[in-house]
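Me: I would like to go through the ring contacts and the pockets of this model. Could we begin with the aromatic pairs?

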Amino acid sequence: MRRVLVTGLGGAGRTTIAAATALAAAGRGRRALFLSTAPGEILGTPLPAEPVEITGGLWAARIDTAADFRAEFLSLQERGASALDLLGAARLTGEELTELPGSEQFALLRALTTVTAGDWDVVVVDMPPLRETIALLALPEQLRRYLRRLLPPERQAARALRPVLAQLAGVPMPAQWLYETTARWDAELAAVQALIESPDTTLRLVAEPGPAAADALRTARPGLALHGLRVDTLVANRVLPRHSPDLWLAGLASQQEKCLHEWAAEWVPGSSLREIAHAGRDPRGPADLALLGTAAPAAGPEDGVLATGLDRPGSGQATQDAIEDRREDDGILLWTIPLPGAVKDDLGLVRRGDELLLTVGPFRRIVPLPSVLRRCTVSGAALADGNLTVRFTPDPELWPRGR
């Protein structure tokens with residue numbers, strides 16, 4: 001199954017491009033599913049909560065974030081019923097629950113594994129704006145790390161603290177329930193993380209050419225690389241005619257053309273650049289979307305995909321592939337991390353135990369060190385040509401003597 005997550009800059013028309021991408025895929029004989037949280041009628045009809053066929057081969061559904069929040073909250077409340085009863089808590093009903101901030105993101109993550117589990121050839125998901133999408137797709141890995149640290153599977157912390165906590169609270173602590181819930185969350189997050197890391201999942205970026213969009217993409221590009229997110233296409237939406245007798249339009253078109261030249265140099269050939277002409281109106285319905293002529297998803301993950309950045313653990317290619325052993329010549333090992341577009345002043349690097357804390361502008365990721373580097377100390381780092389090279393010196397106390 002091919003999954004295309006369509007994101008981009010706010011107001012650039014990413015929902016329109018996502019719907020057009022799904023329609024184009026269906027037009028090529030594939031069974032395509034379009035998912036969105038938007039309540040509009042981009043396909044000419046309101047999207048139902050369950051997938052329905054809109055036109056030949058194209059199915060669509062709306063992710064009901066409010067219903068998803070109520071269902072998850074009530075399920076959690078039910079599983080913790082015994083603890084709540086001991087505390088004398090009054091349970092909440094579904095009618096009382098109002099969707100909380102952040103629930104849309106979790107509903108999207110759950111939909112990636114539940115709604116997309118059908119027999120689809122292509123699934124196109126209308127994602128939030130670019131910065132939010134990067135943070136959202138990094139969330140499963142981050143939350144799993146938090147769970148492992150706060151509630152380790154070996155339960156050593158729970159065994160030590162349970163009597164103290166029970167004495168303070170005056171009631172038995174539901175350690176077993178807590179760990180069972182944690183295990184369920186970890187399994188669900190692992191499924192989402194595996195889907196995000198799959199070579200069959202790529203991002204499609206949508207932006208309207210201009211200085212502000214160029215700045216935003218320049219900032220986001222190393223963030224995409226930092227989290228190992230693959231981009232298949234950069235869609236330049238609402239491109240104006242290049243030759244217009246109107247001086248005002250001609251000035252805007254010239255500005256767009258300059259931006260397109262910059263994007264072509266930065267993003268191609270790693271990913272494709274697709275221009276979509278300005279329709280003169282907001283497209284609505286299959287007929288309008290078909291006129292956009294947006295590219296359908298590639299035949300395979302290897303076609304037109306920018307495999308950027310730091311590989312995630314378990315994502316196929318091991319991070320050790322980027323390690324260069326130069327102990328015989330220089331007494332060091334080099335770990336090279338691709339960060340295209342990164343600027344030295346925006347980089348941060350901190351070693352903490354067996355992890356490396358990497359910061360690139362507003363983006364941050366905590367990366368487990370490959371086993372061979374855990375026996376080394378960080379002795380320096382350098383950024384050149386979009387690659388961050390970290391130098392490691394073997395610790396004599398941890399390396400076998402004579403090697």
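Me: How many aromatic pairs does the count come to?
Reply: The model is a predicted one, and the count comes to 2 aromatic pairs.

Me: What is the geometry of the pair that Trp59 and Trp120 form?
Reply: Trp59 and Trp120 are arranged edge-to-face, with 5.8 Å centre to centre and 65° between the planes.

Me: Where in the chain do Trp59 and Trp120 lie?
Reply: Trp59 belongs to strand S4 (residues 58-62), while Trp120 is in the loop between H4 and strand S5 (122-129). The two are 61 residues apart, and the pair thus links distant parts of the chain.

Me: Is Trp120 buried or exposed?
Reply: Trp120 counts as buried, because its relative accessibility is 9% and the limit for buried is under 20%.

Me: And the pair of Trp335 and Phe392, what is its geometry?
Reply: That pair is tilted: the centres of Trp335 and Phe392 are 6.5 Å apart, with 45° between the planes. Trp335 is in strand S10 (residues 332-338) and Phe392 in strand S15 (residues 387-394), so the pair ties together parts 57 residues apart in sequence.

Me: Why does Trp335 count as buried?
Reply: Trp335 counts as buried because its relative accessibility is 1%. Phe392 is buried too, with a relative accessible area of 0%.

Me: Changing topic to charges: which ring does the charged end of Arg31 sit over?
Reply: The charged end of Arg31 sits over the ring of Trp59, 4.9 Å from its centre. Trp59 is also the partner of Trp120 in the edge-to-face pair. Elsewhere, Arg221 lies over the face of Trp267, at 5.2 Å from the ring centre.

Me: Now the pockets. How much space lies in the largest pocket?
Reply: The largest pocket holds about 610 Å³ of space. It is lined by 22 residues, and Glu72, Phe106, Arg110, Trp185 and Glu188 are the closest to its centre.

Me: Which helices each supply at least two residues of that lining?
Reply: They are helix H2 (65-79), helix H4 (103-114), helix H5 (130-150) and helix H7 (175-197). By class, the lining of the largest pocket has 13 nonpolar, 4 polar and 5 charged residues.

Me: What about the second largest pocket, how much space lies there?
Reply: About 350 Å³ lies in the second largest pocket. Of its 15 lining residues, Glu141, Arg145, Arg148, Glu355 and Ile366 are the closest to its centre.

Me: Which element gives the most to that lining?
Reply: H5 gives the most, with 7 residues; strand S13 (363-368) is also among the elements that give two or more. The lining of the second largest pocket divides into 4 nonpolar, 3 polar and 8 charged residues.

Technical notes:
Residues numbered from 1 in each chain as written. Predicted model: local features only at pLDDT ≥ 70, side-chain atom pairs only at ≥ 80, totals over all residues. Heavy atoms only, no water. 1 Å grid on protein atoms, 1.4 Å probe; cavity = no way out; pocket = protein on both sides within 12 Å on 5 of 7 lines; lining within 4 Å. Points joined across faces, edges and corners; volume = space filled by probe spheres on them. Helix = DSSP H or I, 4+ residues; strand = E, 2+ residues; numbered from the N terminus. Nonpolar A, V, L, I, M, F, W, Y, C, P; charged D, E, K, R; others polar. Phe/Tyr/Trp six-rings, centres within 6.5 Å; stacked < 30°, edge-to-face > 60°. Buried < 20%, exposed > 50% of the residue type's maximum accessible area, 1.4 Å probe, protein only. Lys NZ or Arg CZ within 6 Å of the ring centre and 35° of its normal.
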